[in-house]
Amino acid sequence: MLTVHHLRISQSERIVWLLEELELDYELKLYNRDPDTRLAPPELKALHPMEVAPVITDAKDGQSLVLGESGAIVEYIIGKYAPDTDLVPGPEHPDFADHLYWFHFANATFMTNGMMQIAVNAVGAQMPPPLAKRVTNAWEQIETRLGEADYFGGSQLTTADIMMVFQLTTSRAFNNMTIDHLPNLQAYLQRIGSRDAYQRAMAKCEPGFPPKLD
């Protein structure tokens, strides 16, 4: 049985959303942040050396697995439980390259930008101009992409979207960033928010915390 260990207001919501889209059976364990540090509580930290979410455990056929890292977890679940899903375009699909780009952009660039901003703010500093430009470029690229296609991976929802959406929604709860100047992104988030699987996932992950879709 797959178990998702979800830290409230964190990127592990991605894994719950993926499982809801795939309609797979799983167990969900919720963890509240430490009230003083705002980090994971000791019981979640004990699961994996990185001491952060997401973490899954998988007990099947007498074997037990503990796995962290969003991208790795997504690929593990797809490879083991849903290899034929439409959420991952194959090499012959016209959206193959775009899907790969945005799937990796999500953590390699976009999440990294967000973590840099959090670190700079934590020490009361200002983002150096080259890093600030990197952040601006990413948001501009996102708005451009969503004017070209309905989804990051192309014509349909893919795991690229599942990787991207956290930074566009829940993560903004940490900085109150407005997206009023990004109409393509606003329209995209309304499409995401209308999905039954996304609604189910967020209701389970963040009870009492409405998705930040505008």
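Colleague: What volume does the second largest pocket have?
Modeller: The model is predicted, so local features need pLDDT of at least 70 and side-chain atom pairs 80 or more, while totals for chains, interfaces and linings use all residues. A pocket is an open set of points on a 1 Å grid over the protein atoms alone where a 1.4 Å probe fits, with protein on both sides within 12 Å along at least five of seven lines. Filling the second largest pocket with probe spheres set on its points gives a volume of about 390 Å³.

Colleague: Which residues lie closest to the centre of the second largest pocket?
Modeller: Its lining (residues with an atom within 4 Å of a point) holds 17 residues. Closest to the centre are G114, Q117, W139, N175 and M177.

Colleague: Which element gives the most to that lining?
Modeller: Helices are DSSP runs of at least four residues (H or I), and strands of at least two (E). Two or more lining residues come from each of α4 and α5 (129-148). With 7 residues, the top contributor is α4.

Colleague: How many residues does α4 give to the lining of the largest pocket?
Modeller: The largest pocket has about 740 Å³ of space and 27 lining residues, with Q11, V52, A53, M111 and M115 nearest its centre. The largest share is that of α4, at 6 residues.

Colleague: Which residue of β2 is the bridge partner of V4?
Modeller: Strands β1 (residues 2-7) and β2 (residues 27-31) pair in the parallel sense over 5 bridges, where pairing takes at least two DSSP bridges. In β2, the partner of V4 is L28.

Definitions and conventions: Residues numbered from 1 in each chain as written. Heavy atoms only, no water.
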